[in-house]
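I opened this entry to look up one helix and then the aromatic rings. My notes follow the display.

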Amino acid sequence: MSMAAQNFKTSIQIQPSFQCHLFPSSLPTIFKIRHKPQSPIALKFHPIKASNHKYITPTKQEEEEEEDDGIPIEHIKTLVKFKSRHNYIRVLEVSRRADHPLAGSRLLLLDAPGNIHSISFLFKSITNAYYDVLATLPPILPPGPLGILGFGAGSAAKLILELYPQGVIHGYELDPSVISVGREYLGLSKVEKQYPDRLFIYVSNALNASVKDGYSGLIIDLFSKGCLIPELQNPQTWEKLKGKLKKGGKIMVNVGGSCVEPEDSRKDGKMIMEETLMAMNKVFEGEVFVLNLGNRKQEDSSVAIVGGLPDLEKWRISLPKPLRFYVDMWKKYGG
């Protein structure tokens, strides 16, 4: 079976020796990495009591759903762990020796639940995660700069800049610590040096982003405390975002879903996603399409696009081969 057709899930127990010296030692932690090559990697962790097991034993429900595919602890390394003004930041490194599709990657985790916000591979750009879906947007946009609201460490930007030689990106990130970590641990400095005239990064409130004559398109990946920011459930926000576009411009949005775990246990990622889609549809009525990346209720995750779909065959041909299959996955939002 090819990697594109595989599903896998990993549960990793991080031993106390992996705790960063910035914080006192605590109980071991389970890291649940759930990944399907057609979906975002959702990484969550929960404190548990100490265990001598090298691998976490899956629950009966997990065994029924799919076979556990564990990464040995020795293949996971915590590079940095600290709290910034806006986030709880961690960077994990998966050894290249690991027999796992994440081998050789570095992962940026934000928020207490440990949702992945950026992925960086040393020798490849395709992530097999939702960043690849976001990278399908540029070929269907009019000429002009692309805005990324919620830049993170630049996973989507790196891929887009490599795939489309004429692309210009303006990225906006609220937390300067996220940019700093991206530069030091996830290759962002190299990307900036490689594309000095095509990548512009701003530490600011992304919703205040603007450029002269407007953006050809916007990519929105705005999460805080483990869920979509509340402004995105307000139709007025989408009216303002619509006003930032050039004629013919489109917006692609990571709307999350059940795979995203909010810090507040009273909130539900799936419900927040639905509220966001409803707000989008009030402004872009009949022009909202959704691409579902999960195949189980607890792993549901979606990306949305507004502004309507182009000719699908022309869009498919314009994309690199590894990304073409996404074109057929879009469904019109039904409200």
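Which residues are buried in helix α4 (residues 176-185)? I worked from a predicted model, in which local features need pLDDT of at least 70 and side-chain atom pairs pLDDT 80 or more, while totals for chains, interfaces and linings use all residues. Residues are numbered from 1 along each chain as its sequence is written, and side-chain values use heavy atoms, with hydrogens and water left out.

In α4 I found V178, I179, V181, G182 and Y185 buried (under 20% relative accessible area, 1.4 Å probe, protein chains only); helices are DSSP runs of H or I of at least four residues, strands E runs of at least two, numbered from the N terminus. Seen down the axis of α4, these residues fall within an arc of 165°, so they line one face of the helix (the arc is taken over directions from the helix axis to the C-beta atoms). They pack against β4 (76-83), β5 (88-94), β6 (105-110), β9 (169-173), α5 (188-194) and β10 (199-203), contact meaning heavy atoms within 4.5 Å.

I then turned to the rings and noted five aromatic pairs (ring centres of Phe, Tyr or Trp, for Trp the six-membered ring, within 6.5 Å; planes under 30 degrees apart are stacked, over 60 edge-to-face, the rest tilted). The W315 and W330 rings have centres 6.4 Å apart and planes at 25°, so I logged the pair as stacked. W315 belongs to helix α8 (residues 312-318) and W330 to strand β17 (residues 330-332), 15 residues apart, and both tryptophans are buried. I also recorded one aromatic cluster formed by Y172, Y202 and Y215.

Key
Buried < 20%, exposed > 50% of the residue type's maximum accessible area, 1.4 Å probe, protein only.
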